[in-house]
Amino acid sequence: MLGTPERFYVLDIIRAAAALIIVAVHTKYFYLLPDGTYPDGLAHSDRIFYAVLSPIYHYGATSVQVFFCMSGFIFFWLYVDSIQTARTSAWAFFVFRFSRLYPLHFATLIFVACAQWWFADVSGGHIVFGPNTQEQFFYQLFLASEWGVSGTLSFNGPIWTVSGEVAAYAVFFLMASTRLAGIHHVVIAMLLAGLVHEVNHRLGHALFFFFTGGLIYLVWNALRQRFSRRVFLRFLLPLATLALTGTCAAVPWLPRFEGQFVLWFVVAPLCVVVPVLVQSAWPTLGRHCAPAGDLSYGIYLLHFPIQIVIIGLAWENGRLVNVTPTLFFSYMIGLVIAAVLVFYWFEKPCQTAIRRSWLRPRRTVLPTSSGSAPQPAS
């Protein structure tokens, strides 16, 4: 039998890397014209540092599926037993998720709403995401933008992944609290998510890959109780690594549809499986990199608010954004610095204050490693 790590530090590294990959993918918005279109003839190959970043520009969006899978895995690992045994109540679960997700979401929503209003004259109404209506603001205020029939993205558009995951959290808690969180239950949830996808593709997407991560956890948990570290090192890890490298190498040679299918349904889950197997074999590997994972949510939610200011100021001065190496590195480095400052001076204090205020009177018993749950950036 193999023990369970105290925290999946390697997943923290993957989370931070995936968040930065999404940011790099979204640098395409710098090339937009004020009418919301891209210049004629603009191709991936025209983007900055294409020779180095071409895999990210072409395939980096798959980081979203990786995030969903990571969240599903960690939430099953962290909460499923404590919910089933009533050690984590519905209220405690809500407070932990709310305190981690909502303060920064609310702050960035208000910031983007003000920025969109400020630059409305030069942008023709909105920059990148919109139109931004009062109804859409109301839905985003409650993180419910993806709970109905899928529509256009608005305000801080990347928040759609968080909205989808909040729905997944609710379904997950219901399943765990009713002891319907076994392998066959999760497979049924994935099939139902496929049906949801037919009505609301973004919501169905979030649900499907969240429970894909849950399935990975349940299979891993069964394997670790049956096999030794030697089996993980000599068989499972090499096999998973070979599968991941092989499918990644094959994707560029596949037609577009088949390549996308492989990225979503093979590569994304394996990007969770391999780090989990690595952490299982070396439980303390990456311990010093744990803070990187804490920054992923800030990197994800802050990148568009910063971007909209850069774009809006350029348009307001009658020019397009000139995507130079200086701008690229200043944007990426500034974003990371902003995420660090926001996490330690805003996110963490808000999280601590909410949990102390809302949980102490109820004397709730919580999972000891609850702070390690990853946030979507998705």
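Let us start with a group of rings: pairs between them link Phe75, Phe76, Tyr79, Phe93, Tyr169, Phe172, Phe173, Phe210 and Phe211 into a cluster. Keep in mind as you look that this is a predicted model. Across the structure there are 42 aromatic pairs. One of them joins Phe76 and Phe172, whose ring centres are 4.9 Å apart and whose planes make an angle of 55°, so by the definition used here the pair is tilted rather than stacked or edge-to-face. Phe76 belongs to helix H3 (residues 63-84) and Phe172 to helix H7 (residues 160-177), so this pair ties together parts of the chain that are 96 residues apart in sequence. Where do the two rings sit with respect to solvent? Phe76 has 0% relative accessibility and therefore counts as buried. Phe172, at 1% relative accessibility, counts as buried too.

Now step back to the whole fold. The protein has 14 helices and zero strands, so if you follow the sequence from one end to the other you read α fourteen times in a row. How does its radius of gyration compare with that of a compact globule? For 378 residues such a globule would have a value near 21 Å, and the protein has 21 Å, so the two agree. The C-alpha trace spans about 65 × 55 × 40 Å along its principal axes. Of the 378 residues, 51% count as buried. The accessible surface comes to about 17,500 Å², and carbon and sulfur atoms account for 68% of that.

Contacts across the sequence tell their own part of the story. Taking contacts between residues at least 6 apart in sequence, 80% join residues at least 24 apart. The Phe76 and Phe172 pair, with its 96 residues of separation, is one example of a link between parts distant in sequence.

Next, find helix H14, which runs over residues 325-359. This helix has 35 residues and reaches 47 Å from its first C-alpha to its last, close to the 51 Å expected at 1.5 Å a residue. Where does H14 bend? There is a kink of about 45° centred on Phe343. Phe343 is also among the buried residues of the helix, a list that includes Leu327, Phe328, Tyr331, Met332 and Leu335. Charged and polar side chains appear in that list as well, among them Glu347, Gln351 and Arg355. The buried residues of H14 pack against five helices: H1 (9-25), H2 (50-59), H4 (90-118), H12 (290-294) and H13 (296-316).

Just ahead of H14 you will find Thr324, in the loop between H13 and H14. At 25% relative accessibility, Thr324 counts as partly exposed, because the buried class stops at 20% and the exposed class begins over 50%. Thr324 is 277 residues from Arg47 in sequence, yet their C-alpha atoms are 9.9 Å apart in space.

Ala281 offers another such meeting. This residue lies in helix H11 (residues 256-281), and with 2% relative accessibility it counts as buried. The C-alpha atoms of Ala281 and Gly3 are separated by 9.3 Å, although the two residues are 278 apart along the chain. Leaving aside residues up to four places away in sequence, Ala281 touches Arg229 and Leu233.

Finally, have a look at the backbone in some of the loops. Most residues other than glycine have a negative phi, and most peptide bonds are trans. Which peptide bond is cis here? The bond from Gly130 to Pro131 is cis, with omega near 5°, and Pro131 is found in the loop between helix H5 (120-123) and helix H6 (134-141). Phe155 is not a glycine, but has a positive phi of about 50°. Phe155 lies in the loop between H6 and H7 and, at 5% relative accessibility, counts as buried. Arg179 has a positive phi as well, of about 55°, and is likewise not a glycine. Its place is the loop between H7 and helix H8 (183-199). Is Arg179 buried or exposed? At 53% relative accessibility, Arg179 counts as exposed, whereas Phe155 counts as buried.

Definitions and conventions
Residues numbered from 1 in each chain as written. Predicted model: local features only at pLDDT ≥ 70, side-chain atom pairs only at ≥ 80, totals over all residues. Heavy atoms only, no water. Helix = DSSP H or I, 4+ residues; strand = E, 2+ residues; numbered from the N terminus. Expected span 1.5 Å × (residues − 1). Bend = angle between axes of the 7 residues up to and from the residue. Buried < 20%, exposed > 50% of the residue type's maximum accessible area, 1.4 Å probe, protein only. Contact = heavy atoms within 4.5 Å. Rg over C-alpha atoms; globule rule 2.2 N^0.38 Å. Areas by Shrake-Rupley, 256 points an atom, 1.4 Å probe, with all protein chains shown as cover. Phe/Tyr/Trp six-rings, centres within 6.5 Å; stacked < 30°, edge-to-face > 60°.
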